[in-house]
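Q: Could you walk me through this chain before I set anything up?

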Amino acid sequence: ANHGFTKLGTSGNVKDFNAGAFTSNTLEQMLSTMPKKYRSSDKSKLRFFVPVNMEMDYVQTLAARMGDNGDAFLASGAASRPKYNGIGIVGLRYLPDDGNVGGGSNEYTAWLTDPDNLVFGGQRDIKLRKTTEGYNAIDKDMRYYVLKMRCDFLVQNTEAFVLGKEITPRAV
């Protein structure tokens with residue numbers, strides 16, 4: 001599913017970090033890539049969609065701040081709902097954190113958009129097939145079901161979508 005939105009996002013605003021290391025500046029650059037009319041309206045609607053490891057990298061970057069700031073950040077519970085410049089950061093479990101899927105690199109891919117801009121559709125003509133034949137069905141009382149449906153993904157407004165790619169994980 002996530003490769004669908006990532007592939008569709010390449011027709012929008014793409015920020016290629018060329019294997020640059022992840023910092024909080026990475027998020028700033030993605031925000032700067034988005035056209036002004038989308039980032040200057042209501043930023044609270046926008047979200048950074050990132051791999052879970054990238055979200056943890058951002059939390060660790062904030063927690064490592066000098067003085068009492070890092071401890072205060074962790075103690076306040078803000079680490080469980082990180083934000084950058086008022087924009088929520090959402091860790092997506094199935095968003096690949098290897099931006100070069102074929103090459104097997106260890107790079108992050110991230111999105112910046114309004115969640116309502118991501119559309120998933122399923123066809124209503126869903127086919128269900130059940131089988132009750134064979135050894136397992138008779139002796140072990142098992143049934144097998146096959147569900148077939150067509151689905152598709154759409155980025156409704158590609159101009160309001162930023163794809164950040166080839167982001168190297170934070171240096172420890």
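Asp-16 and its surroundings

A: Let me begin with one residue: Asp-16 is found in strand β1, which covers residues 13-21, and, as everything here comes from a predicted model, each value is computed from that model.

Q: Is Asp-16 buried, exposed or partly exposed?

A: Asp-16 is partly exposed, because its relative accessible area is 28%, which falls between the 20% limit for buried and the 50% limit for exposed.

Q: And which residues does Asp-16 touch, leaving out those up to four places away in sequence?

A: With those sequence neighbours set aside, Asp-16 touches Lys-165 and Glu-166. The C-alpha atoms of Asp-16 and Gly-164 are separated by 6.0 Å, although these two residues are 148 apart along the chain.

Q: What share of the contacts in the chain join residues at least 24 apart?

A: Taking contacts between residues at least 6 apart in sequence, 76% join residues at least 24 apart.

Q: OK, bigger picture: how many helices and strands does the chain have?

A: The chain has six helices and 10 strands. Buried residues account for 30% of its 172 residues, and about 10500 Å² is exposed, with carbon and sulfur atoms supplying 50% of that area.

Q: Why is strand β2 largely enclosed?

A: Strand β2 runs over residues 47-51, and four of its five residues are buried, so the rest of the structure largely encloses it.

Q: Which strands pair with β2?

A: One partner is β4 (residues 87-92), which pairs with β2 in the parallel sense over five bridges, and another is β5 (residues 108-113), where the pairing is antiparallel over three bridges. Phe-49 has a counterpart on each of these strands, since it stands opposite Val-90 in β4 and its bridge partner in β5 is Trp-111.

Q: Which residues form an aromatic cluster with Phe-49?

A: The cluster consists of Phe-5, Phe-49, Trp-111, Phe-120, Phe-153 and Phe-161. The count of aromatic pairs comes to seven. For Phe-120 and Phe-153 the ring centres are 5.3 Å apart and the planes meet at 50°, so this pair is tilted. Phe-120 lies in strand β6 (residues 118-122) and Phe-153 in strand β9, so the pair ties together parts that are 33 residues apart in sequence.

Q: Switching to charges, how many salt bridges are there?

A: The count comes to one salt bridge, in which the side chains of Lys-37 and Glu-159 meet at 3.8 Å, N to O. The pair links distant parts of the chain, with Lys-37 in helix α3 (residues 36-39) and Glu-159 in the loop between β9 and β10 (162-168), 122 residues apart.

Q: How exposed are Lys-37 and Glu-159?

A: Lys-37 counts as exposed at 51% relative accessibility, whereas Glu-159 counts as partly exposed at 34%.

Q: Which residues form a nonpolar patch on the surface?

A: The patch is formed by Ile-126, Leu-128, Tyr-145, Leu-147 and Met-149, which together have about 550 Å² of accessible area. Met-149 sits in the loop between β8 (144-148) and β9 (151-155), and at 40% relative accessibility it counts as partly exposed.

Q: Last one: is Thr-26 buried or exposed?

A: Thr-26 counts as buried, because its relative accessibility is 3%. Thr-26 is found in helix α2 (residues 24-33), and, not counting residues up to four places away in sequence, Thr-26 touches Phe-17, Ala-21, Met-54 and Ile-167.

Note on methods. Residues are numbered from 1 along each chain as its sequence is written. This is a predicted model: local features need pLDDT of at least 70, side-chain atom pairs count only at pLDDT 80 or more; totals for chains, interfaces and linings use all residues. Side-chain values use heavy atoms; hydrogens and water are left out. Helices (H or I, at least four residues) and strands (E, at least two) are DSSP runs, numbered from the N terminus. Buried means under 20% relative accessible area, exposed over 50%, partly exposed in between (1.4 Å probe, protein chains only). Contact means heavy atoms within 4.5 Å. Accessible areas come from the Shrake-Rupley method with a 1.4 Å probe; for residues, only the protein chains shown count as cover. Two strands pair if DSSP finds at least two bridges between them. Patches are made of residues with over 30% relative accessible area and no salt bridge: like charges are joined within 9 Å, nonpolar side chains (Val, Leu, Ile, Met, Phe, Trp, Tyr) within 5 Å. A salt bridge is a side-chain nitrogen of Lys or Arg within 4 Å of a carboxyl oxygen of Asp or Glu. Rings of Phe, Tyr and Trp (its six-membered ring) pair if their centres lie within 6.5 Å; planes under 30 degrees apart count as stacked, over 60 as edge-to-face and the rest as tilted.
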